[in-house]
Every structure is written in structure tokens, then in C-alpha cells.
4 protein chains.
Amino acid sequence: MGASSGDNKTGLLIIDMISDFRFEDAEELFPFALQAAECIRGLKREAKAAGLPVIYVNDNFGKWHHDFKTITEFARETEKGRALADLVGPEDDDYFVLKPMHSAFYSTALEVLLEHLEINKLILTGVTSDICVLFSANDAYMRGYELMIPEDCVAAVRKEQNEYALKYMERVLKADTQASMKLQLGRLAKAR
Amino acid sequence: MGASSGDNKTGLLIIDMISDFRFEDAEELFPFALQAAECIRGLKREAKAAGLPVIYVNDNFGKWHHDFKTITEFARETEKGRALADLVGPEDDDYFVLKPMHSAFYSTALEVLLEHLEINKLILTGVTSDICVLFSANDAYMRGYELMIPEDCVAAVRKEQNEYALKYMERVLKADTQASMKLQLGRLAKAR
Amino acid sequence: MGASSGDNKTGLLIIDMISDFRFEDAEELFPFALQAAECIRGLKREAKAAGLPVIYVNDNFGKWHHDFKTITEFARETEKGRALADLVGPEDDDYFVLKPMHSAFYSTALEVLLEHLEINKLILTGVTSDICVLFSANDAYMRGYELMIPEDCVAAVRKEQNEYALKYMERVLKADTQASMKLQLGRLAKAR
Amino acid sequence: MGASSGDNKTGLLIIDMISDFRFEDAEELFPFALQAAECIRGLKREAKAAGLPVIYVNDNFGKWHHDFKTITEFARETEKGRALADLVGPEDDDYFVLKPMHSAFYSTALEVLLEHLEINKLILTGVTSDICVLFSANDAYMRGYELMIPEDCVAAVRKEQNEYALKYMERVLKADTQASMKLQLGRLAKAR
């Protein structure tokens with residue numbers, strides 16, 4: 001239903017950062033993902049201090065019997081997965097949505113959750129910027145969400161894929177891609 | 001995206017009233033549909049006077065090559081279809097949405113249109129109350145729309161099916177089912 | 001995507017049987033739900049013996065932080081909830097889908113899961129027959145699934161609501177509503 | 001519902017080629033679009049000869065009162081729009097779907113139509129390759145459709161955007177992007 005234009009409540013989405021990193025290209029993606037995780041960690045702390053909801057949107061990896069807790073435990077069994085989960089692992093008061101495909105919106109309850117939380121502005125973070133983040137950003141844009149995709153909080157397998165995705169989302173989806181430290185989430189929270 | 005609670009813009013939906021009435025049970029449905037058409041006609045006039053959008057949501061009857069104009073022309077080729085179209089046929093400034101299945105929301109652009117028009121309160125009218133109107137009402141309810149389903153503006157093949165559907169939508173979907181003349185659309189329009 | 005007409009793989013859905021039964025009308029619903037649970041228990045055993053997937057589709061009760069395991073634990077804290085969970089509680093190899101609204105299909109991954117499992121025939125069971133089961137059945141019907149809704153495996157707050165819902169789903173959705181013992185799931189499984 | 005793996009029925013989608021070309025960047029896009037139109041024209045002829053369905057998926061340009069015929073007439077009122085419509089305008093036996101946003105699948109009946117036609121392999125053509133074609137391709141991929149996106153039948157405002165989009169859809173969506181003349185639609189049609 002129609003978003004009110006007056007208030008702009010922001011939510012932080014953390015996409016596909018919980019993983020055992022046992023996939024093709026994991027080796028190449030990892031250092032970039034780790035760097036993004038450091039930045040997401042700071043942004044998440046800021047978001048929670050400002051009272052903004054934090055939502056994990058994570059692949060279910062075709063593990064239809066598993067809930068997010070189990071998926072997180074599996075992820076922590078590998079060294080890479082544990083390194084990321086140590087930095088940006090979910091806490092009890094974070095929301096989570098398991099997605100079966102690339103987009104955070106496709107066949108998930110995300111839209112109902114965002115409506116429930118009265119969110120109409122999204123900060124997208126996570127991996128990979130050119131696939132799951134991009135699919136999710138496209139879907140968010142069609143649904144009328146305003147987008148912030150801080151360039152230091154996303155990563156792709158190759159640097160140029162990341163750069164192209166960021167430029168694309170800026171040009172086509174009007175996303176604000178400036179670095180996370182410039183977002184000033186405290187100010188955003190006060191503004192509503 | 002999240003509906004604002006403050007303003008309540010209302011839209012009038014006219015469901016499946018454009019038809020050649022060449023289907024099973026058409027003979028039984030027709031007199032009830034005709035009666036409903038008289039009431040919808042009055043309600044539509046009132047809605048337009050009050051500046052409220054009128055949206056036809058109509059079956060495409062599996063005629064994927066046809067637009068709504070063609071479907072209306074085909075409907076007018078039968079006596080029954082013409083009788084209804086004379087009473088509640090679409091005008092140039094009415095909106096329309098073709099639906100491939102029972103619900104007005106399933107695989108249609110209705111939700112985007114309602115968001116575009118900033119509508120969050122729906123008046124459902126048309127046939128049949130216990131199938132396409134009910135499917136649509138259920139879907140509208142899950143999406144958070146407030147519902148008015150005036151009892152004199154819907155019809156079913158059998159009287160008791162109509163009555164049961166109305167009671168169901170009142171009980172489960174919190175629909176306001178009082179007769180159209182009590183809706184006072186002029187007041188609704190002013191209230192926003 | 002298009003279902004193949006040749007093979008008919010069946011899945012058993014168990015809707016909203018996991019609950020703490022702390023809601024309006026819970027007192028009235030409980031004895032009917034308990035009776036249904038006994039029948040679902042038998043049907044589930046038969047389904048698993050025949051190798052058919054069992055999928056729990058359950059309300060998340062607005063508890064967006066909870067996974068299905070936690071929801072099941074909460075349900076078991078009340079006497080009524082425990083009685084049902086003892087009969088038809090989820091096992092490790094059952095699938096589950098949390099739904100935020102009434103329909104099993106609305107804002108859930110159910111459709112992707114069914115496609116993944118190549119299921120095109122559904123047995124719907126659970127509560128209540130006239131709300132969540134009905135909403136789910138309508139949505140399943142529009143998506144082309146063949147429906148079995150055994151009359152002894154569903155329940156509503158009032159007996160006549162249950163009966164009307166069953167008749168409705170038989171008439172409108174062409175559902176097979178004969179009692180569970182007549183389904184012969186073993187035969188179904190062999191047939192594919 | 002689950003696609004059958006055996007038969008692969010192909011449909012040709014023509015995206016956003018019907019337009020009055022009164023938008024930003026229209027001047028730059030036009031020569032590329034014209035070139036693509038020539039190739040789509042040939043491909044469409046071949047598709048129809050082979051008995052494959054041709055589906056126009058076109059922006060409604062926020063003209064909610066207009067059907068596709070009217071939109072085509074408006075498009076033909078400009079020189080650019082007429083030039084394209086002369087080459088690849090819709091014929092009476094072509095299918096059409098009006099889309100309110102970028103993706104051919106978002107809030108449209110496309111998926112129901114494709115299922116009705118039993119199509120599970122799509123040839124995407126039209127403009128622009130990096131926006132509406134890409135959004136549509138992403139959505140098609142998540143829904144399990146096999147994709148052909150002939151490089152000579154799509155266009156973007158800038159050549160490098162077109163090239164990047166094609167490479168992206170090849171890499172991420174496993175799309176076959178070879179030129180239209182290599183597709184041999186006659187063979188495809190026979191194969192099923």
C-alpha cells in the first residue's frame with residue numbers, strides 16, 4: 001500500500017554475509033567481503049544506537065530444513081565463515097529473512113516485514129554487489145524504496161564488477177552510494 | 001510500502017461485470033447481477049462526483065489477444081451482456097485491469113495502480129460475491145486494505161451463496177457490508 | 001513455470017497446527033483441532049512411508065525474530081499447544097515455511113519449495129478450514145495445484161463453518177474432500 | 001508449478017519497442033534501437049513461421065487508461081515511434097502484456113500467460129538491454145526460464161552499457177547471447 005511521503009524510516013539490510021564460503025570464487029571474494037564486513041559492523045552498531053531495525057536477508061542455500069540459527073552454525077564451521085560471523089553475526093534482536101533465490105524480495109516475507117516496521121528507505125549491504133545486492137536493489141526500486149548502498153559495505157568477486165554494480169545502482173536506481181561513515185544514521189533516525 | 005494511517009483514499013472496484021454471460025449458471029446469476037448493476041451504477045455516479053477513482057477489474061476470459069475495449073465489445077454482443085454494459089459499462093476516464101484468474105490481485109498491476117493512486121480503502125462490487133469478489137477481498141485484506149463491500153452491489157448464482165459470502169467477509173475480513181446508499185461517498189472524499 | 005501433466009507428485013501441508021492456542025475462540029477450536037490432529041498424525045505417517053514430502057506452513061504470529069524451532073518451543077509451553085505438538089509436531093526431516101499472513105503462499109517461499117520438490121498436487125490439512133486453509137486453498141487453485149483436503153484433517157471454530165468451508169472448496173476449487181483413510185497415499189506414491 | 005524437463009517450448013518477448021521516444025536519451029538510443037528492430041523483425045518472422053508465440057511486453061508509460069492498441073497509436077504519432085512500429089509493430093495474433101514498471105514479470109500477467117502457453121525458454125529482445133531487458137532477465141532467471149538474448153536484438157543508450165549488460169546476462173544468468181541468425185528457431189520448434 002502507498003507509502004506516506006512524510007516520514008522516512010530507514011532499515012539496514014545485511015545480505016548473504018552468513019555463509020560457509022564453500023562456493024566457486026569464494027577465495028577471491030573473501031578478502032573483499034572481510035573488508036566490507038568491517039564497515040558493515042560499524043554501520044550496524046550505529047544503526048542500532050539510532051534505533052533502526054537491522055534485517056539479515058540470507059540465502060538458505062537450498063537447505064530447506066534449516067532455520068537461520070542452523071545456517072549460522074554451519075557457516076561458523078569454516079574459517080572464512082567464522083571470520084565474517086564474528087564481525088557481523090546476527091544478534092537476538094536482529095530480524096532475519098531467508099531467501100531461496102537471489103533477490104531479497106522474491107518469495108520471501110521481506111515486503112510484509114518492511115511494511116510492519118514502516119520502513120521505506122533501505123540501506124543495502126553485503127555480497128555480492130553485482131548479483132544478490134543488485135537483484136535486491138532492482139526489486140526494492142520497483143517497489144518504491146529509497147536506496148542507500150554504501151560503497152564500502154558491499155563487495156563482489158572482482159573489483160571492477162563491484163565498481164560497475166555501484167555505478168549502475170547509482171545511475172539506474174538513484175541509489176546513494178557514498179561511504180558508510182557519511183550516512184550519519186543518528187541524524188536519519190532523528191529526522192523522522 | 002507502508003500505508004500512512006492518516007489519509008484514507010477510497011477507490012471503487014467493479015469486478016467481472018463485463019461479460020457475455022455465456023457460462024454455466026449464467027441464467028441463474030443474471031437477474032441478481034442486473035439488480036447489483038443498478039446499485040453499482042448509482043454508486044459509481046456518486047464516486048465520480050466525489051472524485052474517487054473507479055477501477056474495472058475484469059476477467060480476460062483467456063482471450064490473451066484482447067484488450068478491455070474488445071472484451072467490452074464482445075460482451076455487448078449478447079443480450080445479457082449488453083444489459084449490464086448499458087448500466088455499468090466503462091467510460092474513458094475509468095481505470096481498468098484485466099485479470100487472468102479469480103483474484104483482482106493475482107498476476108495483475110492492480111497493486112501498483114492502487115499505490116499510484118494512493119488508495120488504501122476499497123469498495124468492492126460485482127460478481128460473483130463468493131468467488132472472484134471473495135478471492136479479491138481476501139487478497140486485499142492480507143495487503144492491509146480497508147474494505148467496504150455493499151451488500152446490494154454484489155451478487156452470486158444462489159442467494160444463500162451471496163449471503164454466506166457477505167457474512168464471511170464481514171466476520172473474517174472486517175468488511176463493512178451495509179448497503180451502498182449508506183456509504184455517503186461525498187463525505188468520504190471530503191474526509192481526506 | 002508450466003507443470004508437466006504426466007507425473008503428479010503429492011505433498012502434505014500441515015497448516016497452523018503449531019500454536020500456543022492463546023487466541024480468541026481457542027477454547028472452542030481446540031477439541032476440533034485435537035480431533036484433526038489425530039487424523040493428520042496418521043496421514044503424515046502414511047505420507048512419510050510413501051516418501052511424500054511433509055511441509056509445515058505455520059503462522060509466525062508476528063514474532064519476526066523467531067524461527068520455527070522457537071515457535072514450536074513456545075507452543076509447547078501451553079497445555080493445548082503441547083497436546084497438538086505431541087501428536088503432529090515437526091520432525092527433523094520435515095520441511096517448514098513461516099507465513100506472515102493467512103495464505104500459505106502470500107510472502108513465503110512455498111511456491112519455490114514446491115517447484116524444487118516438483119510437487120503439483122497438495123493435501124491441505126490443519127486449522128482453520130475457513131480461514132488459513134481456505135486462503136491457502138484459493139491461492140493454490142489459482143496456481144494450478146490439484147487439491148485434496150480430507151474432511152477429517154481440518155477444523156474450524158464452529159462445526160458449520162468447517163462444513164461450509166469444505167463444501168466451498170469442493171464446489172469452487174474442485175477439491176477432493178473425502179476422509180484421509182480413503183486417500184491411499186501409498187498408491188499415489190507408486191503412481192508417479 | 002514445476003516445469004517439465006522434457007520439452008522446451010520457446011517464446012519470443014519484444015520489450016518496450018513500442019514508444020513515442022519522447023524521453024531523456026531517446027536521441028542517443030534511437031539509432032541502436034532501429035538497428036535492433038531490423039533484427040527483431042527477422043527473428044519475429046522466423047518465430048511465427050516456426051509456430052512460436054510472440055509476446056509484446058511494453059511499458060504502459062503510466063497511462064493507466066490506455067490499452068496496448070492506444071499506446072501503439074500514440075507511439076506512431078512521432079517519427080521515431082513510427083519507424084520502429086513499422087518494423088516491429090504488433091499484429092493481431094501476437095500476445096501483449098502491459099507492464100507498469102521495469103521488469104516484464106513485476107505486477108503483470110506474464111507468468112500466467114507463459115504457463116498457459118507452456119513456455120519455459122525465452123528469447124528476450126528490445127530496449128534497453130541494461131534496464132528493462134536486464135530486470136526482466138533477472139526475474140526470468142529466478143523463475144527458472146532458460147534464456148536466449150541475441151546480441152543484435154537488444155540495445156542501450158550507450159554501446160558500452162549494451163555490451164556490459166550482455167556480458168552480465170551471459171555470466172550471471174547463463175543467457176545465450178549469440179546473434180539471432182544463429183538461433184535457428186525452426187530447429188527449436190521441431191525439437192519439441
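# Exercises on a predicted model

Chain A carries 23 positive and 31 negative side chains, and the centres of these two sets are 3 Å apart. Lys and Arg are taken as positive, Asp and Glu as negative, while His and the chain ends are left uncounted. Each charge is placed at NZ of Lys, CZ of Arg, CG of Asp or CD of Glu.

The model is predicted: local features need pLDDT of at least 70, side-chain atom pairs count only at pLDDT 80 or more, and totals for chains, interfaces and linings use all residues. Residues are numbered from 1 along each chain as its sequence is written, chains are lettered from A and ligands numbered from 1 in the order in which they are written, and side-chain values use heavy atoms, without hydrogens and water.

**Exercise 1.** Describe the fold of chain A by its helices and strands.

*Solution.*
1. Chain A contains seven helices and six strands. Both are DSSP runs numbered from the N terminus: helices are H or I with at least four residues, strands are E with at least two.
2. Their order along the sequence is β-α-β-α-α-β-α-β-α-β-β-α-α.

**Exercise 2.** Compare the radius of gyration of chain A with that of a compact globule, and describe its burial and surface.

*Solution.*
1. The globule rule is 2.2 Å times the number of residues to the power 0.38, with the radius taken over C-alpha atoms.
2. For 192 residues a compact globule would have a value near 16 Å; chain A has 15 Å, which agrees.
3. The C-alpha trace of chain A spans about 45 × 35 × 30 Å along its principal axes.
4. In chain A, 60% of the 192 residues are buried (under 20% relative accessible area; exposed is over 50%, partly exposed in between; 1.4 Å probe, protein chains only).
5. Among contacts (heavy atoms within 4.5 Å) in chain A between residues at least 6 apart in sequence, 80% join residues at least 24 apart.
6. The exposed area of chain A is about 7800 Å², with 47% of it from carbon and sulfur atoms. Areas follow the Shrake-Rupley method with a 1.4 Å probe, and for residues only the protein chains shown count as cover.

**Exercise 3.** Which residues of helix 2 of chain D are buried, and what covers them?

*Solution.*
1. Helix 2 of chain D covers residues 68–75, and D:Phe68, D:Thr70, D:Ile71, D:Thr72 and D:Ala75 are buried there.
2. Their cover includes strand 2 (54–59), helix 3 (79–88) and strand 3 (95–99) of chain D.

**Exercise 4.** Find the operation that lays chain D on chain A.

*Solution.*
1. A turn of 180° with a shift of 0.0 Å along the axis lays chain D on chain A with an RMSD of 0.0 Å. The superposition is by least squares on the C-alpha atoms of residues with pLDDT of at least 70 in both copies.
2. This is the relation of a two-fold axis.
3. In chain D, the C-alpha of D:Phe135 is nearest the axis, 4.0 Å from it.
4. The same surface serves both copies, as 100% of the contact residues of chain D recur in chain A.

**Exercise 5.** Locate the cis peptide bond between D:Val127 and D:Thr128 and give its omega.

*Solution.*
1. The bond joining D:Val127 and D:Thr128 is cis, with omega about -20°.
2. D:Thr128 sits in the loop between strand 4 (121–127) and helix 5 (132–142) of chain D.

**Exercise 6.** Is C:Glu118 buried or exposed?

*Solution.*
1. C:Glu118 lies in the loop between helix 4 (110–116) and strand 4 (121–127) of chain C.
2. Its phi is near 55°, a positive value in a residue other than glycine.
3. C:Glu118 has a relative accessible area of 53% and is therefore exposed.
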